[in-house]
Amino acid sequence: MTFQAVYTSEEKIKEIRNQFPILKEKINGKPLIYFDNAATTQKPQTVIDAIVNYYSHQNANIHRGVHTLSQKATDAYEYARKKVATFINAPKSEQIIFTRGTTESINLVAFSYARAFLNEGDEIIISALEHHSNIVPWQMVCEEKNLQLKVIPINDKGELLMDAYESLLSNKTKIVAVNHISNALGTINPIKTIISKAHAFGAVVLIDGAQSVSHLKIDVQTLNCDFFAFSGHKMFASTGVGVLYGKEELLNKMPPFMGGGDMIKTVTFEKTEYNELPHKFEAGTPHIEAGITIANAIEYIESVGFEFIMEHEQHLLQYATQKISEIERIKIIGTAAHKASVLSFIVQEIHPYDIGVLLDKMGIAVRTGHHCTQPIMDRFCIPGTVRASFAFYNTLEEIDIFIESLKKAIAMLK
Ligand code: PLP
């Protein structure tokens with residue numbers, strides 16, 4: 001059966017694409033083909049409208065105002081929090097902390113939880129597949145508190161070596177922090193197993209869900225993770241907002257990450273009493289309209305449906321993988337058995353950057369470089385890759401154009 005034959009949803013894709021105005025853009029005179037979704041996703045009209053609506057009808061500071069606008073803005077912001085809680089099946093919306101993004105969410109756990117509760121000699125386990133955001137905060141806290149950082153190695157396909165993970169675990173392990181999906185290679189990690197094995201040693205687990213939350217249905221209670229972090233802009237909402245989900249008992253015992261307005265109950269020069277969850281972790285005026293757009297993005301994702309998203313993105317990945325494998329001198333980096341719609345590759349003797357520049361001239365947006373995962377590039381002894389990452393609004397036709405353009409680029413660079 002051909003990919004075209006099994007693919008029956010052309011009308012739906014057309015309808016979806018109509019909701020994303022930017023997909024009608026021309027880049028260098030060519031229709032935009034946007035394959036940089038792992039870096040950030042495009043925004044549907046409903047998210048764009050929400051931003052305009054906010055500044056046209058709702059703009060006011062939240063949580064502290066008695067006036068109508070402030071209450072409107074607060075209601076919209078708090079509605080988004082409830083939406084997020086339902087979306088990832090958190091028991092309570094108070095367990096949803098709004099941050100600026102995945103990076104800040106991970107830093108919050110490192111500099112609140114790890115700094116307060118880990119002691120010299122304790123160990124933190126991360127994996128060789130992590131984004132710098134899930135490496136550097138742990139290194140910083142390890143240095144400060146004399147902790148040990150251990151790394152789960154990977155095989156040549158870019159899969160975690162689970163036996164090695166088990167041998168790293170011990171009673172010294174206090175935190176395990178791994179991503180759900182690797183942004184550089186697309187590997188989907190077996191996080192449920194990772195979480196239960198860590199719990200057997202009493203460690204808490206943070207899942208970096210930056211790459212998974214818009215591709216897979218997340219249920220934090222079924223996963224039983226202790227923390228789950230993600231970014232709004234990678235799930236069709238605005239930049240500048242992210243989420244940290246945490247188990248209530250952990251969030252309650254953690255000290256605040258930053259001090260300032262909104263995170264306090266009372267302040268005197270002698271002593272400050274901190275606010276309840278979630279406000280304890282939300283110092284200062286947040287990115288209000290960005291937070292609000294998370295609700296619109298979730299409603300949009302739900303209207304498309306995860307069943308469709310997962311099936312269509314897998315088609316795109318398989319189709320692109322098959323087509324690209326037919327091109328000489330291409331090597332795919334990241335060939336895990338379980339992969340999300342990320343296709344990283346190198347072309348022998350050609351720098352990824354040169355491919356990226358030529359593809360851009362042909363209207364195609366891909367990312368080139370180390371993708372904030374330098375240790376992965378070192379593992380494969382390469383300077384970087386070309387990465388095409390697909391979302392549910394991408395099409396098989398776009399992949400055909402990408403493949404032909406790639407062949408042209410390679411021929412030009414020979
Ligand atoms: N973790 C992963 C797996 C990512 O892909 C990214 C961004 O690419 C991040 C963390 C950091 O996300 P942000 O820059 O939105 O904080």
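Angles under 35 degrees between helix axes count as roughly parallel, over 145 as roughly antiparallel, 65 to 115 as roughly perpendicular, and the rest as oblique. In this predicted model, the axes of helix 4 (residues 68-87) and helix 11 (residues 288-304) come within 8 Å and cross at roughly 45 degrees, and helix 4 and helix 11 are therefore oblique to each other. The handedness of this crossing is left-handed.

On the side of helix 4, the residues that meet helix 11 are A73, A76, Y77, Y79, A80, K83, V84 and F87, and their counterparts in helix 11 are I288, G291, I292, I294, A295, I298, E299, I301 and E302. Sorted by class, this contact holds 13 nonpolar, one polar and three charged residues.

A second helix pair is formed by helix 12 (residues 306-325) and helix 15 (residues 396-413), whose axes come within 10 Å and cross at roughly 25 degrees, which makes helix 12 roughly parallel to helix 15. Helix 12 passes helix 15 in a right-handed crossing. Helix 12 contributes H315, L316, Y319, A320, K323 and I324 to the contact, while helix 15 contributes L396, I399, D400, F402, I403 and L406; by class, these are nine nonpolar, one polar and two charged residues.

The model also contains an open sheet of seven strands, arranged in the order 4-10-9-8-7-5-6 with mixed pairing. Strand 4 (96-99) and strand 6 (148-152) stand at the edges with a single partner strand each, so one side of each is left without a neighbour in the sheet. On average, and with direction ignored, neighbouring strands of this sheet are turned by 20 degrees against each other. Helix 4, described above for its contact with helix 11, also packs on the sheet, where helix 4 touches strand 4, strand 9 (227-231) and strand 10 (242-246), and the direction of helix 4 makes about 120 degrees with that of strand 4.

Strands of a sheet pair through backbone hydrogen bonds, either parallel or antiparallel. Three of the pairings are listed below.

| Strand pair | Sense | Bridges |
|---|---|---|
| Strand 7 and strand 8 | parallel | five bridges |
| Strand 4 and strand 10 | antiparallel | four bridges |
| Strand 9 and strand 10 | antiparallel | five bridges |

Individual bridge partners can be named for these pairings. V176 has V205 of strand 8 as its bridge partner, I96 is partnered by Y245 of strand 10, and F227 is partnered by G246, also in strand 10. Strand 10 is mostly covered, with five of its five residues buried. This burial extends to both faces of strand 10, since G242, L244 and G246 on one side and V243 and Y245 on the other are all buried.

A further residue to consider is R64, which is found in the loop between helix 3 (45-58) and helix 4. With a relative accessibility of 47%, R64 counts as partly exposed. When its neighbours within four places in sequence are left aside, R64 is in contact with S70, G261, D262 and T285. The C-alpha atoms of R64 and M235, which lie 171 residues apart along the chain, are separated by 29 Å.

Definitions and conventions:
Residues numbered from 1 in each chain as written. Predicted model: local features only at pLDDT ≥ 70, side-chain atom pairs only at ≥ 80, totals over all residues. Heavy atoms only, no water. Axes fitted to C-alpha atoms, helices over the stretch in contact; angles between N-to-C directions. Helix = DSSP H or I, 4+ residues; strand = E, 2+ residues; numbered from the N terminus. Left-handed = near helix turned anticlockwise from the far one by under 90°. Contact = heavy atoms within 4.5 Å. Nonpolar A, V, L, I, M, F, W, Y, C, P; charged D, E, K, R; others polar. Pairing = 2+ DSSP bridges. Buried < 20%, exposed > 50% of the residue type's maximum accessible area, 1.4 Å probe, protein only.
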